[in-house]
Amino acid sequence: MVKKRIEKLEDAFPDFFDEEENSLDQILDNITFQKSQEEHNRLSPESALQHVDDFYEEKISETCEDILLLEKNTTTLIQADIENLYKGSFVRDYAKRYQTTEKEAKERLRAELSHQLQTLGMNCIDKKHYALPREIKHIIRMDFYGTIDKIDEKLDSKSAKKLSSIYLNRDPRKTKDLKPSDYDLKKSHTWMIYRQFRSFRLLERNLPEILIHAGISPENFAHLNAYDISQVLYNHYIHKSKPDAEKDERANLFLGAKYRFVKAFIRRNKTAFKHIMDLRGVDTRYTDALIKNMEQYGITSGFDMVEKNYSAEILSVLKKYKLVPEDTPIGAPIKEEQISKIKEAGLIGLILARDENGNPVTGPELNVHHKIAVQDSGEKTNFAEVNQFKNLCLIIEPYHFFAHALDRTQNINGAERYVSRIEINENIAFFGGFNKIFQVECDFGRPHYNEYDHEILDQIHQKDSANNKNLSDTSDKISRKQKKKEKLQQQKQIEQALNNSKPQKIKKHKKKTDETPKPAQHTDTESKKMQGLSRRIDKLAHKKDEYNKIRAELIEKRKQYLSLRAAKKSAIKTISQFEDDEKFERFIQYTIKMQEKQR
Amino acid sequence: MKNIIQTLKKIPAAILGSPVNVKKIILCQKELTQNHNAMIPEDFLELLHNFNAVAYDGAKIFGISPNGKIFMDIVLANQMSPLAGNPNIVVLGCDEFDYLAYNTETQTYQIIDKEDLEVLEEYSEIEPAVKHILKI
C-alpha cells in the first residue's frame with residue numbers, strides 16, 4: 001500500500017526525489033555564479049564589480065524603499081529645476097555660460113524642464129485659450145467650495161459695482177402678494193447657467209420663495225446677473241448657515257464639488273489609497289484619521305491627530321486642570337467629548353499623537369486639482385463639467401506645485417491667446433507620485449448626478465399633495481389596508497413616471513448629438529429582445545417538465561428502496577430468532593407441515 | 001493683526017510655518033526689487049514674524065524661503081506669476097482661482113483673478129484679505 005502511494009507521488013511530482021539537487025542554495029548559486037570559477041578568476045576587480053552591479057540591476061527587483069527614495073530624489077531635482085527657472089541670478093549665469101540672451105536661456109531651461117516632466121508623465125502642452133466669462137467663473141467657484149462670498153452693497157465699494165441696478169433697487173413690499181407659481185425660472189438666462197450645476201438645481205425649488213422675500217419680481221428676475229442671484233442666495237442662507245454671524249463674509253450653501261469628489265474617491269479607492277500612503281511612509285495613524293475625515297466630511301486636512309488612550313503624563317496634567325475625572329485610569333480611551341473640552345482649554349497639544357522623536361504626527365498636504373483648468377474651460381457649453389469628478393484629481397504636494405510650474409499665457413497673432421499647461425492623464429484620480437504605483441486611476445464614468453425631469457416630478461408631487469389632502473379629510477373612514485394600498489400605488493406611479501422620463505432624456509440627448517434619430521432601430525431591438533425573452537421562457541418551461549419527471553422517478557425509486565429495506569430488516573429479525581441451525585430446521589419443517597395441512 | 005494670528009492658531013488644519021529670520025527678509029526685499037516687483041508691506045511682515053507661510057485647505061500664504069516643501073517662497077511665486085516685473089504689485093498668497101497681492105500704488109490688499117488679472121476685491125487691511133484667500 002505504502003509503495004503504491006509513493007509511486008503515485010512520484011508520478012505527480014517527478015522531481016520530488018531530486019529535492020537535494022535543486023535545493024534553495026543551489027538555485028541561488030546557479031544564479032549568482034553563472035560563469036565558471038575559472039572565468040570568474042579571469043575577471044579584473046573592476047569588471048567583477050561591474051558584473052555584480054549588472055547582476056543586481058537585472059536580477060533583483062526594486063524594493064518599496066528604493067522606489068520611494070528614487071521618487072524623493074526626483075522631486076527634489078524637479079523642485080530645484082523649477083526654482084532655478086524662475087531665479088533671475090541663475091538664468092543670468094546660465095545665459096553667460098552659454099553666451100545667449102536671458103530670454104533664450106529661460107526658454108531653454110523651460111524646455112529642459114518640460115522634457116523632464118514629460119518623461120515622468122506630466123505632459124506640458126500648448127493649446128488655444130478660451131476665456132470664461134467672469135460671472136460663470138463666479139458660479140464655478142461657488143459650486144467648487146459650496147460657499148457664497150458676501151458682496152459689499154455699499155455704493156462706494158468696489159464689489160457693489162458687480163451688482164445690477166435692478167437688484168440694488170429691489171423692493172420687498174412690491175412682491176408681498178406674489179406666489180411662487182408666478183415665477184418662470186426658465187426666463188432667466190443666468191439661472192439656466194446656474195442650474196447646469198447639480199447643487200444649484202437642488203436649490204431651485206425654494207428659489208421663488210427666496211425671490212419673493214428678497215423683493216425681486218418675476219420680470220426683474222429675468223434680468224439679474226450671476227452676482228445678483230448669488231447675493232440673493234447669500235442673504236437667505238447666511239442666517240441658516242451661521243445664524244449668530246451677521247458680519248460673516250461667507251455663507252455655506254451645500255457641500256462643494258471639491259469635498260464631494262474627495263468623498264466619492266475614497267469610497268471607491270480606500271484600500272489603494274491606504275497602500276499608497278503606507279508606501280510613502282506615512283504614519284498609519286495619520287492615514288486612518290485622514291481616511292475617516294475624507295469619508296465623513298470630504299476634507300484632506302483640518303483634523304486633530306489625537307492619541308487614542310491616556311498616558312500617565314497626559315493624565316497628570318489634565319487632572320491638574322480638572323479636565324478629566326479623578327478616577328480616570330491610565331490607558332483609558334480618550335472620548336470625543338473630552339477632546340473638545342481639552343481643545344477649549346487650549347491644551348490640545350498635550351494629547352496630539354506623536355512620532356518616535358516626539359513631534360506631532362503629520363502627513364502630506366493633499367489638494368484637489370482641476371485637470372483642465374477653470375480658466376481654459378471657455379469652450380465648454382456645459383460649465384458644470386469643470387467641477388465634475390472626471391476633471392478633478394487629488395494630488396499631493398509638491399506635485400500640485402509641479403503641475404502649475406509651467407503655466408503660461410501668451411499672445412500670438414494679436415488677439416489669439418495660447419496657454420501652456422501641464423496635463424495629467426484623464427483617468428488619474430489620485431496623483432501621489434511620478435511612479436505609477438503612487439497613482440490611482442478611477443473611471444467615474446457617467447456624470448455623478450442623475451438629471452431628473454423636474455416638470456414631471458413637480459406634477460407628481462402636486463398630485464401627491466392633492467391626494468394627501470383628500471386622504472387627510474377622510475382619514476377616519478379609511479382603513480389601514482386601504483391607506484397602504486394607496487401609498488403603494490403612488491410609489492408605483494412615481495417610479496413609472498421616472499422610468500418614462502429617463503428614456504425621454506436619452507432621446508433628447510440623441511437628437512442633439514446625432515441629429516438623425518432612429519426610432520425604427522429602437523423598435524427592432526425591442527422586438528428582438530422580446531423574442532429572446534420568449535425563447536428563454538420556453539426553454540425554462542421545458543427544463544421544468546424534465547425536472548418534474550426526474551423527480552417523480554426518484555420518488556418511486558425511493559419507495560422501492562424503502563420497501564426492500566423493510567423486507568431485509570424483517571428477514572434479519574426472523575433469522576436472528578433462530579440461533580441454532582436445528583431450531584431453524586424444525587421451524588421450516590413445521591411451516592411445511594402446516595402448509596400441507598392447509599392444502 | 002492679533003485677531004488673524006489667534007484665528008490661525010485656532011485652526012487645527014492650518015499648517016503654519018515657523019517665524020521668519022530677519023536676514024531672510026532683507027535678502028527677499030532686495031531680490032524682489034531686483035526682479036522689479038514691489039516690496040512686502042510691513043503688516044504682512046508682521047504676520048511672517050509669527051508664521052512664515054501658511055497652508056490651509058488648498059490655499060496658501062507665501063513665506064520668505066520657508067522651511068518645508070508645502071510652503072512657497074514669495075520671490076519664486078512672484079516670478080512664476082504673470083504679475084512678475086510689475087513694480088506696484090507683490091503677490092503674497094493664492095488659492096485655486098485667485099492671487100492675494102499688495103498694491104503699493106493704492107496701498108491695498110487685492111484679490112486678483114489668476115487668469116485675466118482682474119481685481120475682484122480690495123481691502124485696506126490685511127486681516128479680511130487673508131481671511132478671504134484662506135476662506136476662514
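## A four-stranded sheet, a helix pair and an interface

β8(A) (residues 428-431) pairs with strand β9 of chain A (residues 439-441) in the antiparallel sense, over three bridges. Here two strands count as paired if DSSP finds at least two bridges between them. Helices and strands themselves are DSSP runs numbered from the N terminus: H or I of at least four residues for helices, E of at least two for strands.

Before going further, a word on what you are looking at: this is a predicted model, in which local features need pLDDT of at least 70, side-chain atom pairs count only at pLDDT 80 or more, and totals for chains, interfaces and linings use all residues. Residues are numbered from 1 along each chain as its sequence is written, while chains are lettered from A and ligands numbered from 1 in the order in which they are written.

**The sheet in chain A**

Back to β8(A). On β9(A), A:Glu441 is what A:Ile428 stands opposite. β8(A) also pairs with strand β5 of chain A (residues 392-396), this time in the parallel sense and over two bridges, with A:Leu394 opposite A:Phe430. Put together, that is part of an open sheet of four strands in chain A, ordered β4-β5-β8-β9, with mixed pairing. β4 (366-370) and β9 are its edge strands, each pairing on one side only. From one strand to the next the twist averages 20 degrees.

A helix goes with this sheet too: α15 of chain A (residues 257-279) lies across β4, β5, β8 and β9 of chain A and runs at about 80 degrees to β8(A). Axes here are lines fitted to C-alpha atoms, for helices over the stretch in contact, and angles run from 0 to 180 degrees between N-to-C directions. Contact between two residues means that their C-beta atoms, placed from the backbone, lie within 7 Å.

**A helix pair in chain A**

Elsewhere in chain A, helix α6 (residues 88-97) packs on helix α7 (residues 102-119) at an angle of about 100 degrees, their axes 8 Å apart. That makes α6(A) roughly perpendicular to α7(A), a label that covers 65 to 115 degrees (under 35 counts as roughly parallel, over 145 as roughly antiparallel and the rest as oblique). α6(A) brings A:Val91, A:Arg92, A:Tyr94 and A:Ala95 to the contact, and α7(A) brings A:Glu102, A:Ala105, A:Lys106 and A:Leu109. By class, the residues of this contact are five nonpolar, no polar and three charged. Ala, Val, Leu, Ile, Met, Phe, Trp, Tyr, Cys and Pro count as nonpolar, Asp, Glu, Lys and Arg as charged, and the others, Gly among them, as polar.

**Chain B**

Now for chain B, which has five helices and seven strands, arranged along the sequence as α-β-α-α-β-β-α-β-β-β-β-α. Of its 136 residues, 49% count as buried, meaning that 20 or more other C-beta atoms lie within 10 Å of the residue's own (12 or fewer is exposed, in between is partly exposed, with C-beta atoms placed from the backbone). Among chain B contacts between residues at least 6 apart in sequence, 54% join residues at least 24 apart.

Strand β4 of chain B (residues 89-94) has six of its six residues buried, so it is largely enclosed by the rest of the structure. Its two pairings look like this:

| Strand pair | Sense | Bridges | Residues opposite |
|---|---|---|---|
| β3(B) (59-61) and β4(B) | antiparallel | two bridges | B:Ile61 and B:Gly93 |
| β4(B) and β5(B) (98-103) | antiparallel | five bridges | B:Ile89 and B:Asn103 |

A hairpin of three residues joins β4(B) to β5(B).

B:Leu117 sits in the loop between β6 (108-113) and β7 of chain B. With 16 C-beta neighbours inside 10 Å, B:Leu117 counts as partly exposed. Leaving aside residues up to four places away in sequence, B:Leu117 touches B:Pro82, B:Leu83 and B:Ile112. B:Leu83 is 34 residues from B:Leu117 along the chain, yet their C-alpha atoms are separated by 8.3 Å.

**Where the chains meet**

At the interface, 24 residues of chain B are in contact with 23 residues of chain A. On the chain B side, the elements giving two or more residues are α4 (74-80), β7 (119-123) and α5 (126-134). α4(B) has the largest share of that side, three residues. The chain B side divides into nine nonpolar, five polar and ten charged residues.
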